[in-house]
Each structure stands twice: as structure tokens, then as C-alpha cells.
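Got your viewer open and your mouse ready? Load the model, and let's take a walk through it together.

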Amino acid sequence: MKHLTSIRDLTKDSAIALLDSAQQLTQVNQRTVKNLPALRGKTVVNLFYENSTRTRISFEIAAKRLSADVINFDAQTSSASKGESLKDTAQTLEALGAAAIVVRHPMSGAAHALANRGWISASVINAGDGRHEHPTQALLDSLTIRQLKNSGTDLSGIKVLIIGDIENSRVARSNILLLVMLGATVSVAGPTNLLPQGISALGAKVHENFDQAIADKPDVVMMLRVQLERMLESQVFTTSQYIENWSLDQARLGELGKATIIMHPGPMNRGLEISNQAANDSRSAVLRQVENGLAVRMAVLHRVLSGSDSS
Ligand code: NCD
């Protein structure tokens, strides 16, 4: 596998293989000496045109744990702010020795363009492109579900409910693709104007409202951030209405099963899509998700840069 720009780059087998190697790497991350020599001499560039905390830092630590050299490119302080194109920037980074470019960009399709237009020969990993995809987030979410629900290697029999601003969420899109591929049953619910058309064609069932969705007894409830920065005027809502209908508040928290896990990709808007109580609940897997992000990104970097695997 040379690039990871979409979950569609993976087959069920290759996704499971990545989750297996990430699971092994979680053990390396528990050791006193956490470094492996696997990517010594290779340079990884984090090319981020949007803000990020978890994703950027975990790609950086992941590359360092594998002994790669890491450069963090910040669009705000670089020539990108002088209007340099993505193509010219990427070619410049490659001329400086980048073997892999981890890209986050507000334009859907940016990572795919970088990987497939013949501009560069470096590996490309998508760290989020517009509303489109965020494949490493989906992988770390599946790893978390696999660990906490003690499922087999795939996720057959697991019921995952995704709630909120689905339309603007690359996390939701990548998760639906991967969860369905791994055999989970996926359902979604959210305000009608934030549900994309054709969502059921991806294999997700649509619930009318949050309470009906909870009555379906999900094993996992994945809350999404309300992504105001991506919303069109027609999608804007009143906060009190959103909280009433779509927040994981204390009452809904009380309706969830004892073993139901609560997920959120972060950053959380506490008090909006998720209450403080839910974010702090013992069933919350939010920090486990962050921790697993490191192992998943190590596995992905290793896979795309190890060179021996052409699948
Ligand atoms: C997500 C993103 O940037 O797509 N964050 C993340 O990577 N953990 C989700 C979000 O911004 O809401």
C-alpha cells in the first residue's frame, strides 16, 4: 500500500492487518523504551492547512517512535500564506527529501489529488480533507471498539450509532465505510439538514430521533462535533434546539446500556453535543481513542513506507 487517502484504499483483509499491527504497537507504546528503528533515515512531513491538536501531534509522535525525521509544516507561517499551490508546496517538500506527506486540507479530494496526479512520488496519508474522509480516525475508532467490546478481528455483531452533524463530518464518512466493511451494523441520526443524501447507500440505517436510536440498544454511541466552520447558512440552528434534540445529556446517558461505550473524535464542545457528565462518564472512550491514534498512525506510516508491501 503506497498511500492511504480513503478507506476505499483498503480491503477488509488489509484493514484488519493494519488493526492487528496497531494492536501490537500499543504494547511497544507501554515499554520504557518506545522507539523502533523501522523508519530510520526516512522523512515524514506533516502538511497541515487546518488546525489540529490530536491528529498532528499523534502523527508527529508516531513518526518519531519509528525513528523517522519529522518536519511540521504550518500553512500559516509558510509560503502557503503567500499563495503557493498545494502542488508546488508538495514538490518542494519532496525535493527536500520527504518520503511521506501527511496532509490535512480544507478541500475535499486534496489528498487524492496529491497522491494520484503524478505531482510527487512520495506516499500520501490523508489526515482529513474537507468534509470527505479521515481514514486514520476511522481506524483508531475501530481499534478502540475492538478492544473495548472484545470483538473478534472484525466487528460483526457490533451496533454503532453515530449522532449529530453527519453532513460536515469526514470522521462519519470514513467510519461508516470502515465499520460496514468490518461487519458492524451502523446507524445514524441527526438534524435533517445535517444528514447527507444517499447516506443509506453507504450502508447506514437512519433513525428519526436520538431517543428512538437509543432504544435500538447500540453497543457504541459516537458523538460528532458540531462543525460550525463548515456549515452553510441554511444549516445553522439554535443552540438550545440542538441540545434538546441531539445532545448526549444526562437523561440520555441514563438510557444507555451499562456496557455501551461513548466515543467522540475530539475536540469536544462540552455542553453542546456532549454533556460534561457524558464526556467524563466511565463508559467514555475518548482518551482511549487518542491513545490508539498513536498506534494506528505508527502502523499506517510503517505500512506505506516499508516498501515491501505492494498491496
Ligand atoms: C476531527 C477532524 O478534524 O476531522 N478531529 C480529529 O481529527 N480528531 C473531527 C472534528 O474536527 O470535529
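This tour goes from the two domains to a pair of strand groups and then to some charged side chains.

**Stop 1: the two domains**

Keep in mind that you're looking at a predicted model. Start by giving each domain its own colour. Domain 1 covers 7–134 + 292–306, while domain 2 covers 135–289. Their C-alpha centres sit 25 Å apart. Where they touch, domain 1 puts in 32 residues and domain 2 puts in 32 residues. About 2700 Å² of area is buried between domain 1 and domain 2, and carbon and sulfur atoms account for 58% of that. There are also four salt bridges between domain 1 and domain 2. We'll get to salt bridges later on.

**Stop 2: a four-stranded sheet**

Now switch to cartoon view and pick out β1, β2, β3 and β4. In what order do the four strands of this open sheet lie? Reading across, you get β2-β1-β3-β4, and the pairing is parallel. Select 69–74 for β2 and 123–129 for β4: these two are the edge strands. Each has a single partner, so one side of each has no neighbour in the sheet. Look along the sheet and you'll see that neighbouring strands are turned against each other by 15° on average, ignoring direction.

Zoom in on β1 (residues 43–48) and β3 (residues 98–105). These two run parallel and are joined by six bridges. To find your place, click N46, which stands opposite V102 in β3. A bit of background: strands in a sheet pair through backbone hydrogen bonds, in either a parallel or an antiparallel way.

**Stop 3: helices on the sheet**

Next, add helix α3 by selecting residues 86–95. Helix α3 packs on the sheet and touches β1, β2 and β3, with its direction at about 150° to that of β3. Then add helix α11, residues 286–305. Helix α11 lies across β1, β3 and β4, and runs at about 145° to β4.

While you're looking at helices, select residues 12–28. That's helix α1, and T26 is part of it. Is T26 buried or exposed? T26 is buried, because its relative accessible area is 13% and the cut-off for buried is under 20%. Show its surroundings as sticks: apart from its neighbours within four places in sequence, T26 is in contact with L143, Q147, N292 and A295.

**Stop 4: strand β8, covered on both faces**

Move on to residues 220–223, which form strand β8. Side chains in a regular strand alternate between the two faces of the sheet. Here, V220 and M222 are on one side, V221 and M223 are on the other, and all of them are buried.

Now look for the partners of β8. Strand β5 (residues 159–163) runs parallel to β8, with four bridges joining the two. On that side, V160 stands opposite V220. Strand β9 (residues 261–263) also pairs with β8 in the parallel sense, over three bridges. There, V221 stands opposite I262.

Stay in β8 and click M222. M222 is buried, with a relative accessible area of just 1%. What does M222 touch, leaving out residues up to four places away in sequence? The list is D141, L161, I162, I163, N175 and M263. For a sense of scale, draw a distance line from the C-alpha atom of M222 to that of A122: they are 100 residues apart along the chain and separated by 34 Å.

**Stop 5: salt bridges**

The structure holds 12 salt bridges. Begin with E50 and R170, whose closest N and O atoms are 2.9 Å apart. E50 is in the loop between β1 and α2 (54–65), and R170 is in helix α6 (residues 170–181), so this pair ties together parts that are 120 residues apart in sequence. Both E50 and R170 are buried.

E50 has another partner to show you: its side chain meets that of R230 in a salt bridge (3.4 Å, N to O). From R230, hop to E229, with closest N and O atoms 4.0 Å apart. Compare their surroundings: E229 is exposed at 51% relative accessible area, while R230 is buried at 11%.

One more pair is D249 and R252, at 3.9 Å between the closest N and O atoms. D249 counts as partly exposed at 24%, and R252 is buried at 7%. For a final view, select E50, R170, R225, E229 and R230 together: salt bridges that share partners join them into one network.

Technical notes:
Residues numbered from 1 in each chain as written. Predicted model: local features only at pLDDT ≥ 70, side-chain atom pairs only at ≥ 80, totals over all residues. Heavy atoms only, no water. Pairing = 2+ DSSP bridges. Axes fitted to C-alpha atoms, helices over the stretch in contact; angles between N-to-C directions. Contact = heavy atoms within 4.5 Å. Buried < 20%, exposed > 50% of the residue type's maximum accessible area, 1.4 Å probe, protein only. Domains from an automatic or database assignment. Buried area = accessible area lost by both parts, 1.4 Å probe.
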